[in-house]
Each structure stands twice: as C-alpha cells, then as structure tokens.
Amino acid sequence: MASPSYDYYGLLATTWDVWRDNTLGWSDRNLFLEVVRQYGEPVLDIGCGTGRIILDFLAQGIEIEGLDNSPEILAICRTKAERLGLSPALYQQRMETLELPRKYRTILGPSSALQLVTDLGTARETLQRIFAHLESGGAFITPFAFAWREGEPLDTGWQLLFEKPRPGDGALVRSWTHEWREPERQWWHTEQRFEVVLNGKVIETEFQRRSPEGRWYSQAEAQQMFREVGFTKIQCLSDFTQEPARPEDALFCVLGVKP
C-alpha cells in the first residue's frame, strides 16, 4: 500500500496492541508516574499511540492529554477510552510542529519518541518546541535506546517479530522485520511484513518500509541536546530507574527541567 504522510498506519496500527499485548507491567510506567508525582500536572503524552500511558494515567485521575500524528492510532485510542468510560483530550499533530493551546508541568516522550525525528537539526527544533510547552519548573523525560554496537552485523536479515491470535475474529497475525543500520548517520532502517490468516487462508498481507526509522544517540549527545535548548538539572538515568546511567547502558532516560 502507498505510505501516508503519517507513521503507524494499516496493519501496523491495527495489530499494534496484538503485538504488545498486556503492557501494564512495563517498567517505564512506574518511572513516569514518579516523574509526574514530582513535577506535577497537567501532563502531555507525546506519541500516545493506542493509549498505553494516557488511558492508564487518566483512570488514576491524572490530568493528562495525548498527541500523535496517526489518525488511525488515535481512533483506536478513542475506542479503547470509550470502553473504559474515559474522555481523553487527543491531538493529531506531529511533534516536529508541536503547537498546543496550553503548557504542561510534565511532558512524557515514551517509547523513544524523540528518536523518530531522524534529522538532528529538526530533532533540536522539536525539543525546543517541547521546552516551550513546559511551565517554569516543569520537566520532560524520554528514553533513548539502541542495541547495536560497533563490530556487530549491520543487517539483521528477516526475523519473525510475533505470531499471535487477533482478538475478535481469532485470526492469526504474523509479522516479520528486517533492520539495517547506518552508523555514519546514526540511523536505522526497517522493513516489515504482515500476514493475517483466518481458517487456514491468508486474508490480508502488507509490506511497510520506514527508511530511516530512527536515530540513535550516545548519552553525551542526548544530554548536550537538552542543554542546548535550555534545560537544566539534566539527569541521565539507567534504564527506567532513578539510578544514574552506566556507560554500557543501551537504554537510558534523559530528564530535563525548564528553569
């Protein structure tokens, strides 16, 4: 299918929750809750997707709004919210052009959202817009992750990502991914294939290519970018804990405070 102007469409969107299944136990949730309790509400969830964080936090009485650039993903989020009796404020907008009518005490960028902006200059501008949407004393936190290390293969080949039944009709959904890395640009690229099987017959297939899909950062690079746009009290945390990041961490979070 032709790629639309937004990320997360087609089977990638409709099978997103099939792939990720129950996310309530994900470790980032607890860290984000601690950050919200420390820096306060209202909260903005950037790249809110199908509602993993925003619906969870709304159900706890937290004042939180969501933003995503995919209308398909946001439609799923709204449907899930209705089933839960929730009414989230959701904005369809790219974070690169973030322009909302209010400011926030806490802004969350789950799932390495900022890494999806692959041009370094545009990433800085995006972070500047996030900074501008914070109240004084407010904080932004986002994870950075990439498992590749120099000397490892640059091309993964095709690998099975998941094979799971789809709720509702019981169809079996399979997805394969192929990733290749471009170290000189700190980019990775992804191709993904989907196959939906019902009663032994393939009823739907899809191929998507995201090139580039993301940009990786060293801990020093990520912190420097926060510093350049004006953040202070910058912390680099190990995984999704309050412990300082270790040099070998492939997953770390950066938190910055607006003066």
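Start with helix α5, residues 71-84 (helices here are DSSP runs of H or I with at least four residues, strands are E runs of at least two, both numbered from the N terminus). At 1.5 Å a residue, its 14 residues should span 20 Å, and the end C-alpha atoms are indeed 20 Å apart, so the two agree; the expected span is 1.5 Å times one less than the number of residues. Keep in mind that this is a predicted model, where local features need pLDDT of at least 70 and side-chain atom pairs count only at pLDDT 80 or more, while totals for chains, interfaces and linings use all residues. Residues are numbered from 1 along each chain as its sequence is written, and side-chain values use heavy atoms, with hydrogens and water left out.

Which residues of α5 are buried? They are Ile73, Leu74, Cys77 and Ala81 (buried means under 20% relative accessible area, exposed over 50%, partly exposed in between, with a 1.4 Å probe and protein chains only). Looking down the axis of α5, these fall within an arc of 95 degrees, so they line one face of the helix; the arc is taken from the directions from the helix axis to the C-beta atoms. They pack against α1, α4, β2 and β3, with contact meaning heavy atoms within 4.5 Å. Over on the other side, Glu82 and Arg83 are exposed. After α5 comes Gly85, with a positive phi near 75 degrees.

Now hop to helix α7, residues 219-229, where Gln219, Ala222, Gln223, Met225, Phe226 and Val229 are buried. Down the axis of α7 they sit within an arc of 155 degrees, so they too line one face of their helix. Their cover includes α6, β5, β10 and β11. Just after α7, Gly230 has a positive phi of about 115 degrees.
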